[in-house]
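This report introduces a protein structure to a reader who has not met it before. It treats helices, their contacts and selected loop residues in turn.

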Amino acid sequence: MTTVRVDYTAHDAIYQKNKETGRPGWDTATGTAQTLLKWQEILQSRYIPDKGRVLELGCGAGDLSLWLTTKGYEVSGVDISPTAIDWAREKAQAGNALVDFHLGNVINLSTYQESAFDLVLDSHCLHCIIGDHRALFLRSAYRVLRPAGCCIIKTMCGRPAKGWSPGHFDPQTRCLIRKDGLATRYLGLSKDIMQEVVDAGFQLKEWKIRPASCEEDQGELLVYAIR
């Protein structure tokens with residue numbers, strides 16, 4: 001993949017702004033509620049354990065991780081944004097919830113031991129990981145997952161939605177590029193993303209492709225992968 005410039009720490013400024021303006025996290029309250037409803041359905045899969053240790057990659061302000069504790073899971077969350085992690089810890093304290101929120105980089109999960117988790121979740125984090133870092137992300141997820149454990153990938157894919165101007169999408173790298181030249185999203189073809197997952201060592205068990213429902217929508221790939 002062609003090398004492009006990235007700055008993952010730029011997400012912190014977005015979390016700062018969202019918190020200052022009263023948003024509950026990365027998304028609106030309505031958007032967050034809709035996301036949790038989707039995860040309720042996702043977790044019905046026969047590949048998902050009904051208990052055990054869970055790691056959320058790119059946990060942000062912690063809403064999914066906190067929700068998972070209400071389902072009986074022992075949850076850890078990792079994110080590169082200090083603001084998001086502090087925010088998530090505040091929510092956990094306010095709700096008397098036990099979640100291990102850790103400030104760190106998802107492409108290097110050295111804080112966690114091998115085979116430490118029964119379930120690893122990527123909820124719209126992988127499409128923010130660019131270039132060779134993607135393989136590191138997936139291999140790290142594989143390492144911390146126990147044998148026969150499940151990794152769920154939920155990532156954008158396909159053509160860019162109309163809301164992204166054509167000038168910001170590079171068809172060669174399939175990245176969305178900001179005006180300052182930094183790549184912010186990878187909108188890979190679903191077959192290419194699934195091949196990345198296989199190359200990391202996973203076995204694909206089930207996948208669903210939600211194509212864009214309109215020009216303003218973005219396609220999404222959901223993958224259940226087993227170590």
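Is Leu37 buried or exposed? The model is a predicted one, and in it Leu37 has a relative accessible area of 63%. Because exposed means over 50%, Leu37 counts as exposed. Leu37 has its place in helix α2. Its C-alpha lies 19 Å from that of Ala212, and the two residues are 175 apart in sequence.

A contrasting case is Ser45, which is found in the loop between α2 (29-42) and β1 (53-57). Ser45 has a relative accessible area of 11%. Since the limit for buried is under 20%, Ser45 is classed as buried. Leaving aside residues up to four places away in sequence, Ser45 touches Glu206 and Tyr224.

**Helices α1 and α4**

Helix α1 (residues 11-20) and helix α4 (residues 82-94) have axes that come within 7 Å of each other and cross at roughly 45 degrees. The two helices are therefore oblique to each other. On the α1 side, the contact involves Asp12, Tyr15, Gln16, Asn18 and Lys19, which meet Pro82, Thr83, Ala84, Trp87 and Glu90 of α4. Sorted by class, the residues of this contact are 4 nonpolar, 3 polar and 3 charged.

**Helix α5**

Helix α5 (residues 133-144) has 12 residues, which at 1.5 Å a residue should span 16 Å; the end C-alpha atoms are 17 Å apart, in agreement with that expectation. Its buried residues are Arg134, Phe137, Leu138, Ser140, Ala141 and Val144. Viewed down the axis of α5, these residues fall within an arc of 160 degrees, so they line one face of the helix. The elements that cover them include β1, β4 (117-123), β5 (145-156), β8 (183-186) and α6 (190-199).

**Helix α6**

In α6, the buried residues are Ser190, Ile193, Met194, Glu196 and Val197. They occupy an arc of only 150 degrees around the axis, and are therefore on the same side of α6. The face turned away from this buried side carries the exposed residues Lys191 and Asp199. Packing against the buried residues of α6 are α5, β5, β8, β9 (203-210) and β10 (220-226). Just after α6 comes Gly201, with a positive phi of about 110 degrees.

**Loop residues with a positive phi**

Most residues other than glycine have a negative phi. Which values do Asn96 and His124 take? Phi of Asn96 is near 55 degrees, a positive value in a residue that is not glycine. His124, likewise not a glycine, has a positive phi of about 65 degrees. Their settings are listed below.

| Residue | Phi | Place | Relative accessibility |
|---|---|---|---|
| Asn96 | near 55 degrees | loop between α4 and β3 (99-103) | 72%, exposed |
| His124 | about 65 degrees | loop between β4 and α5 | 32%, partly exposed |

Asn96 counts as exposed because its relative accessibility is 72%, with the limit for that class set at over 50%. His124, at 32%, counts as partly exposed, since that class lies between the limits of 20% and 50%.

Conventions:
Residues are numbered from 1 along each chain as its sequence is written. This is a predicted model: local features need pLDDT of at least 70, side-chain atom pairs count only at pLDDT 80 or more; totals for chains, interfaces and linings use all residues. Side-chain values use heavy atoms; hydrogens and water are left out. Helices (H or I, at least four residues) and strands (E, at least two) are DSSP runs, numbered from the N terminus. Buried means under 20% relative accessible area, exposed over 50%, partly exposed in between (1.4 Å probe, protein chains only). Contact means heavy atoms within 4.5 Å. Axes are lines fitted to C-alpha atoms, for helices over the stretch in contact, and angles run from 0 to 180 degrees between N-to-C directions. Angles under 35 degrees count as roughly parallel, over 145 as roughly antiparallel, 65 to 115 as roughly perpendicular and the rest as oblique. Ala, Val, Leu, Ile, Met, Phe, Trp, Tyr, Cys and Pro count as nonpolar, Asp, Glu, Lys and Arg as charged, and the others, Gly among them, as polar. The expected span of a helix is 1.5 Å times one less than its number of residues. The arc is that of the directions from the helix axis to the C-beta atoms.
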